[in-house]
Amino acid sequence: MKKLLSFLLAAIMLLTLTVPAFVADNTVSLDETKSFSIDSEGSRDFIFTPETSGIFEMIINLKSNQVLSVSAESGDSIVLDDYMYGYWDYDENTSFIFCATGGTKYSVYFTLEEYYEDLPMETDVEFIIKQVESKEIKTGENTVQPDECWLVFTPEKSGYYNFRSDVASDIITEIMIYDTQNSSGREWYSGSEYDNGNFNFTRYFEAGKGYAVCIDAYDSHFMPYYKPVSFTILYNPEIKIDYMEIYGYFGEDMPEDYADGDTLTLINGHGY
């Protein structure tokens with residue numbers, strides 16, 4: 001009886017020691033490098049809890065000719081949902097940008113996708129999460145300095161918002177929105193000739209959710225524009241549409257110039 005109790009006590013102590021070690025290995029801190037092996041039979045998950053809110057960059061190294069899907073979520077909020085290709089011949093990193101709220105626990109998932117049937121479905125993965133220097137922007141007028149690429153937009157209300165830059169006609173502005181609404185997790189808009197090189201787009205934003213925004217500007221020779229860029233964010237009741245681009249099939253009644261997949265641009269209600 002004493003031997004049985006001693007055995008049970010030893011087993012409990014061993015379990016007590018191993019469980020915390022497993023839990024600790026399942027968490028990832030800021031600027032901490034994690035390495036693990038993964039195969040097609042399962043996935044790996046980690047817990048990431050940032051201390052402060054902002055923009056974060058996940059840098060992943062996958063040195064094999066496979067496809068790795070990666071996601072990060074907290075409850076119903078998905079902040080990252082993307083994938084990457086790895087190559088045996090190149091030791092390169094792939095970066096993913098996402099916004100996260102300080103004090104919130106995020107589950108980070110890695111899954112190895114089946115890419116080539118004749119290749120072994122097992123590989124090593126290394127990743128690290130870093131915080132990116134950024135500043136907040138709000139509805140109304142905003143200005144981004146040449147060294148301030150990364151911005152955070154957290155709308156107070158859900159709805160459609162319009163982003164429009166205001167620079168000289170010989171400057172081309174570009175804006176990138178990092179989100180999980182489309183398959184790549186990114187939406188890119190460039191200045192249009194109809195707006196003298198200024199970006200001008202409208203899309204839906206969810207209240208309380210942080211969106212990573214990056215703005216660049218170039219001159220007519222595609223050289224970096226080292227001056228501040230002014231832009232305005234308008235909430236949907238204030239939006240006044242100057243032109244709209246519609247993509248897709250326009251039907252048999254449309255002019256012959258507009259084939260399947262072409263773009264119809266409406267300026268003040270007239271097609272061009």
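These exercises work through a disulfide, a sheet and several salt bridges in a predicted model.

**Exercise 1. The disulfide**

Find which cysteines are joined by a disulfide, and state what parts the link ties together.

Solution.
- Step 1. Search the whole structure: one disulfide turns up.
- Step 2. Identify the partners. Cys-149 is joined to Cys-214, with an S to S distance of 2.2 Å. The cut-off is 2.5 Å, so the pair qualifies.
- Step 3. Read the handedness. The angle about the S-S bond is -55°, and the link of Cys-149 and Cys-214 is left-handed.
- Step 4. Place the ends. Cys-149 sits in the loop between strand 10 (140–144) and strand 11 (150–153), and Cys-214 belongs to strand 16 (residues 211–219), so the link ties together parts that are 65 residues apart in sequence.
- Step 5. Check accessibility. Cys-149 has 24% relative accessibility and is partly exposed. Cys-214 has 11% and is buried.

**Exercise 2. The four-stranded sheet**

Give the strand order of the open sheet of four strands, and say which strands stand at the edges.

Solution.
- Step 1. Write the order: 1-8-3-6, with antiparallel pairing.
- Step 2. Pick out the edges. Strand 1 (34–39) and strand 6 (93–100) each have a single partner strand, so one side of each lacks a neighbour in the sheet.
- Step 3. Add the twist. From one strand to the next it averages 30°.
- Step 4. Examine the pairing of strand 1 and strand 8. These two run antiparallel and share six bridges. Opposite Phe-36 stands Val-125 of strand 8.
- Step 5. Do likewise for strand 3 (residues 54–62) and strand 8 (residues 122–132). Eight bridges join this antiparallel pair. Ile-60 has Phe-127 in strand 8 as its bridge partner.

**Exercise 3. The two faces of strand 1**

Sort the side chains of strand 1 by face, and decide for each face: buried or not?

Solution.
- Step 1. Recall the general pattern. Side chains in a regular strand alternate between the two faces of the sheet.
- Step 2. Take one face. Lys-34, Phe-36 and Ile-38 point there and are buried.
- Step 3. Take the other face. Ser-35, Ser-37 and Asp-39 point that way and are not buried.
- Step 4. Check one residue by its value. Lys-34 has 8% relative accessibility; buried means under 20%, so Lys-34 counts as buried.

**Exercise 4. Salt bridges**

State how many salt bridges the structure holds, and work through examples.

Solution.
- Step 1. Count: there are four salt bridges. The cut-off is 4 Å between nitrogen and oxygen.
- Step 2. Start with Asp-31 and Lys-130. Their closest N and O atoms are 3.8 Å apart. Asp-31 lies in the loop between helix 1 (2–25) and strand 1, while Lys-130 lies in strand 8, so this pair ties together parts 99 residues apart in sequence.
- Step 3. Add accessibility. Asp-31 is partly exposed at 47%. Lys-130 is also partly exposed, at 33%.
- Step 4. Turn to Glu-32 and Lys-34. This salt bridge has its closest N and O atoms 3.6 Å apart. Glu-32 is partly exposed at 27%, whereas Lys-34 is buried at 8%.
- Step 5. Finish with Lys-138 and Glu-136. The closest N and O atoms of this salt bridge are 3.8 Å apart. Glu-136 is exposed, with 59% relative accessibility.

Notes:
Residues numbered from 1 in each chain as written. Predicted model: local features only at pLDDT ≥ 70, side-chain atom pairs only at ≥ 80, totals over all residues. Heavy atoms only, no water. Buried < 20%, exposed > 50% of the residue type's maximum accessible area, 1.4 Å probe, protein only. Pairing = 2+ DSSP bridges. Axes fitted to C-alpha atoms, helices over the stretch in contact; angles between N-to-C directions. Salt bridge = Lys/Arg side-chain N within 4 Å of Asp/Glu carboxyl O.
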